[in-house]
Every structure is written in structure tokens, then in C-alpha cells.
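Visitor: I would like to learn how to read a model like this one. Please take me through it feature by feature.

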Amino acid sequence: MLCRSTDKQHAVSLGEPSETIPVLIEAREIVSLVGSAPEYAIPLLQEIQRRHRYLPQDLVEAVSRESQIPLSTLYGVATFYAQFRFKPQGTYLIRVCQGTACHVGGAALAAAVIRQELGIQEGETTGDRCFSLESVACLGCCSLAPVLMIGETIYAKLSVAKIKAVLKEYQESAAPKEASHGGS
Ligand code: FES
């Protein structure tokens with residue numbers, strides 16, 4: 001899978017501060033799919049995030065207008081729940097466990113290796129939007145410490161070599177494939 005933004009191109013302004021035709025169309029689509037009553041604030045935000053892996057400001061504003069749910073309500077909900085993100089997220093979310101068992105098992109070193117390999121800190125995303133890095137309290141498999149999770153896959157009993165090998169595997173699968181020129 002190549003890593004790239006899923007954001008829409010915002011080419012045509014409609015007069016609102018940041019609204020464009022694609023954004024307006026998408027907002028209408030989301031509202032008609034999910035619903036427009038105030039109790040749909042969470043599902044609306046979840047649908048936005050499912051599509052973009054974060055909450056683009058212009059789309060949240062457009063959904064607010066389309067649903068007539070006040071923007072302050074949508075942002076109030078979005079900031080209350082940890083599941084919502086306000087910054088773009090990479091294709092692969094790396095969660096490094098910093099719980100007690102993992103901490104004792106060397107989680108700090110694991111996180112340092114990842115930061116060094118990817119050139120990002122916790123809470124950041126690589127420039128190509130391939131990887132985002134987060135720390136979490138416990139991934140629920142303490143006997144396998146130290147552990148990290150990429151997407152839904154757990155990597156256990158981490159070592160420096162294992163972390164580097166796992167990252168390399170993802171980086172290679174994300175890299176554009178070069179055209180074959182034949183020959184040997
Ligand atoms: S402390 Fe890391 S999985 Fe529980």
C-alpha cells in the first residue's frame with residue numbers, strides 16, 4: 001500500500017471561509033448517510049474520521065452547516081473523546097506500549113529506536129503520511145512485553161533488531177514499486 005493523503009483537493013471556494021464544492025458534496029453525503037439530529041454528533045464525527053483518519057476542519061464546518069448541529073457542539077464532542085484526531089494520521093499507526101510491564105521490559109528503548117528510525121516524536125506523522133507514532137498505557141498482552149501495535153497487528157518481545165525489521169517491512173510495502181526493466 002502506498003502512503004499518501006486521502007484529503008480532497010479544495011479548488012473551488014464557495015464563499016465560506018474554507019468550504020469548497022468537494023467538501024460540501026462530501027458533507028451532504030455524510031449527513032444524509034448518518035443523520036442530522038444532535039444525537040448523531042458522534043456518528044457524524046466518526047464517519048468523517050473513518051474517511052480521512054482525522055477531522056479536517058473544513059469538513060467538520062460543512063457538516064455542522066448541513067446538519068445544523070452547532071460547530072461548538074461538534075468540537076465539544078470531538079475534544080471530549082480521545083478517539084478523535086485533529087491532525088492527519090499516517091497510513092500505519094504505531095502504538096508503543098508504555099505500561100508497567102513494557103516499561104520494565106524496555107519500552108523506552110523501543111520508542112527511542114522508532115523515533116530515530118522514522119524521525120518523528122510521539123503524536124507526530126511522517127512527512128509522507130506513512131507512519132504516525134503514539135504511546136499507549138497498556139495493550140492488554142503484558143506477558144509479551146515489550147510490545148507495539150501497528151494497525152491491528154501486535155509485535156511482541158521487541159528487540160532493537162526486531163523493531164528495525166518490522167519497520168523495514170512496512171516501509172518496503174509502502175514504497176512505490178519500480179517498473180521492471182527485464183534482464184538480470
Ligand atoms: S504493559 Fe504493555 S501490554 Fe500491558
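Visitor: Which residues of H6 are buried?

Guide: This is a predicted model. In helix H6 (107-118), the buried residues are Ala107, Ala110, Ala111, Val113 and Ile114.

Visitor: Where do they sit around the helix axis?

Guide: Look down the axis of H6. The buried residues fall within an arc of 160 degrees, so they line one face of the helix.

Visitor: What covers the buried residues of H6?

Guide: The cover includes strands and helices. S1, helix H5 (100-105), S2, strand S3 (148-150) and helix H7 (160-174) are among the elements there.

Visitor: How do I check the length of H6?

Guide: Compare the expected span with the end-to-end distance. At 1.5 Å a residue, the 12 residues of H6 should span 16 Å. The end C-alpha atoms of H6 are 16 Å apart, which agrees.

Visitor: What comes just after H6?

Guide: Glycine 119 does, and this glycine takes a positive phi of about 70 degrees.

Visitor: Now the interior. What is the general idea behind a nonpolar core?

Guide: In soluble globular proteins, nonpolar side chains tend to be buried together. Here, the largest nonpolar core has 20 residues. Ile94, Val96, Cys97, Ala110, Ile114, Val147 and Leu148 touch the most other members.

Visitor: Which elements give two or more residues to this core?

Guide: Strand S1 (92-97), H6 and S2 do. The largest share, five residues, comes from H6.

Visitor: What does cysteine 97 touch?

Guide: Set aside residues up to four places away in sequence. Cysteine 97 then touches Cys102, Ala107, Val136, Cys138, Leu139, Pro146, Val147 and Leu148. Apart from this core lies another one, of 16 residues. Leu55, Val60, Ile69 and Ala78 are among its members.

Visitor: Proline 146 is on that contact list. Where does proline 146 lie, and what kind of peptide bond joins it to alanine 145?

Guide: Proline 146 lies in the loop between S2 and S3. Read omega for the bond. Alanine 145 and proline 146 are joined by a cis peptide bond, with omega about -5 degrees.

Visitor: How do I read a pair of helices? At what angle do the axes of H2 and H4 cross?

Guide: Take the approach of the axes, then the angle. Helix H2 (residues 41-52) and helix H4 (residues 71-80) have axes that come within 10 Å and cross at roughly 75 degrees. Angles of 65 to 115 degrees count as roughly perpendicular, so H2 and H4 are roughly perpendicular to each other.

Visitor: Which residues make the contact?

Guide: From H2, Ala41, Ile42 and Leu45. From H4, Thr73, Leu74, Val77 and Ala78.

Visitor: What is phenylalanine 84 in contact with?

Guide: Leave aside its neighbours within four places in sequence. Phenylalanine 84 is in contact with Leu45, Gln49, Leu55 and Ala78. The residue sits in the loop between H4 and S1. Phenylalanine 84 is partly exposed, because 19 other C-beta atoms lie within 10 Å, and 20 would be needed for buried. Phenylalanine 84 and arginine 53 are 31 residues apart in sequence, yet 8.8 Å apart in space, C-alpha to C-alpha.

Visitor: Which residues have a positive phi although they are not glycines?

Guide: Two cases to look at. Glutamine 68 has a phi of about 65 degrees and lies in the loop between helix H3 (57-67) and H4. Arginine 129 has a phi of about 60 degrees and lies in the loop between H6 and S2.

Visitor: Are they buried or exposed?

Guide: Count C-beta neighbours inside 10 Å. Glutamine 68 has 10, so it counts as exposed. Arginine 129 has 19, so it counts as partly exposed.

Visitor: Where is glutamine 121 found?

Guide: In the loop between helix H6 and strand S2 (131-136). Glutamine 121 is exposed, with 10 other C-beta atoms within 10 Å. Glutamine 121 and leucine 133 are 12 residues apart in sequence and 6.8 Å apart in space, C-alpha to C-alpha.

Visitor: Last, the whole chain. How many helices and strands does it have?

Guide: Seven helices and four strands. Along the sequence the pattern reads α-α-α-α-β-α-α-β-β-β-α. Buried residues make up 27% of the 184 residues. Of the contacts with a separation of 6 or more, 63% join residues 24 or more positions apart.

How values were computed: Residues numbered from 1 in each chain as written. Predicted model: local features only at pLDDT ≥ 70, side-chain atom pairs only at ≥ 80, totals over all residues. Buried ≥ 20, exposed ≤ 12 C-beta atoms within 10 Å, placed from the backbone. Core = buried A, V, L, I, M, F, W, Y, C linked by C-beta atoms within 7 Å. Contact = placed C-beta atoms within 7 Å. Expected span 1.5 Å × (residues − 1). Arc of directions from axis to C-beta. Axes fitted to C-alpha atoms, helices over the stretch in contact; angles between N-to-C directions. Parallel < 35°, antiparallel > 145°, perpendicular 65-115°, else oblique.
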